Amino acid sequence: MHGHGTTPPRDRTTPAGDTASAFRRPLLRRVLPAAAAAGLAVTGITGVAHGAESGTARTATADFPTWGTRWVVHSEADTGSPAVGMLNASGAGQDRITADYQVDTGHRVCEGDACSTYMAHLTGPVSGFVTVVAVAIPQDRLPGVPVQDGPPPEQPGHSRQEMLARAATWLTADNGAQVPYSQAKVWKDGYRQDCSGYVSMTLGLPTPGTNTVGLATDRDLTRSIPLGELKGGDLLIDANGDNNNRHVVIFEKWNDAAHTSYTAFEQRGGHGTDHRSLTYGLPGGDPEFKPYRPVAFGD
């Protein structure tokens with residue numbers, strides 16, 4: 001993957017003459033791996049213990065990491081407006097931001113190969129506006145955050161194809177490697193790095209994601225379906241027990257006409273993002289897993 005340069009943006013969002021260098025981050029904007037379209041190799045059938053996930057649903061917040069150094073926070077959605085603060089003033093990537101809306105300024109700000117016309121309105125750690133280029137996310141605008149005087153925020157994952165394409169992005173999002181598993185950490189896009197955080201990302205749910213129990217019981221999110229009706233993008237969920245054994249996987253396709261196994265995406269403990277053959281929920285597999293369909297698909 002390419003990386004961004006270490007020079008400050010040319011619009012002086014970082015002060016002119018500043019010699020503090022910004023660390024490099026992967027070029028992720030507008031990039032989906034070819035595997036999303038071509039399919040990936042199956043690595044073997046398994047029905048062994050699965051990864052855990054966070055046991056408590058967290059309040060959804062528009063919370064994102066930053067990168068680089070000395071990003072100026074402006075008083076208005078204009079990079080020429082007065083500075084009211086600075087992000088990462090003394091070191092690279094030290095701050096996280098919370099934002100309640102964003103503005104398409106029409107003015108393009110670039111750092112290396114990453115560009116955006118959006119500025120985010122921050123509610124923390126300082127109030128004001130900062131270019132979205134300062135935020136360590138793959139998109140050129142904040143996912144799930146309303147655009148002022150614009151259409152409602154785009155909610156990805158409302159089609160099966162789009163959901164599976166988003167699932168594939170985490171296979172290579174960590175500089176070509178899979179996103180590591182964690183119940184406590186969130187990835188650059190704001191989603192928790194466990195199984196339910198991963199599924200929340202693919203469905204475009206609010207960050208940092210709901211938990212497995214929520215995915216199984218919230219009828220605004222999913223509904224129960226018969227096992228034989230599984231289609232790409234449906235879920236198999238074990239919502240029993242505690243956060244050390246609950247799990248959810250994303251069904252992609254049956255591996256044979258007899259439905260003896262299927263290929264799925266999952267975020268599992270000890271490995272991270274995976275794409276492999278599973279038997280969870282099938283005869284002879286883990287019987288705790290039940291099939292569910294995201295209601296966003298509309299069928």
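**Surroundings of His121 and the nonpolar cores**

Leaving aside neighbours within four places in sequence, His121 is in contact with Thr98, Ala99, Asp100, Tyr101, Gln102, Gly128 and Phe129 in this predicted model. His121 is part of strand β6, which spans residues 114–124, and the side chain of this histidine is joined to that of Asp100 by a polar contact of 2.7 Å. With a relative accessible area of 18%, His121 counts as buried, because the cut-off for that class is under 20%.

The largest nonpolar core of the model comprises 26 residues, among which Trp170, Ile250 and Phe265 touch the most other members. At least two residues of this core are supplied by each of the helices α2 (160–169), α3 (195–203) and α4 (212–217), and likewise by each of the strands β9 (235–238) and β10 (247–254). The greatest contribution to this core is that of α3, which provides 5 residues. A second core, separate from the one just described, consists of 21 residues, including Leu87, Ala120, Ile137 and Val147.

Helix α3 is itself mostly covered, in that 9 of its 9 residues are buried. The buried positions in α3 are Cys195, Ser196, Gly197, Tyr198, Val199, Ser200, Met201, Thr202 and Leu203, and the helix is followed by Gly204, for which phi takes a positive value near 70 degrees.

Methods
Residues are numbered from 1 along each chain as its sequence is written. This is a predicted model: local features need pLDDT of at least 70, side-chain atom pairs count only at pLDDT 80 or more; totals for chains, interfaces and linings use all residues. Side-chain values use heavy atoms; hydrogens and water are left out. A nonpolar core is a set of buried Ala, Val, Leu, Ile, Met, Phe, Trp, Tyr and Cys residues joined through side-chain atoms within 4.5 Å. Buried means under 20% relative accessible area, exposed over 50%, partly exposed in between (1.4 Å probe, protein chains only). Helices (H or I, at least four residues) and strands (E, at least two) are DSSP runs, numbered from the N terminus. A polar contact is a pair of N or O atoms within 3.5 Å; within protein, one must be able to donate a hydrogen and the other to accept it, and residues adjacent in sequence count only if both atoms are side-chain atoms. Contact means heavy atoms within 4.5 Å.
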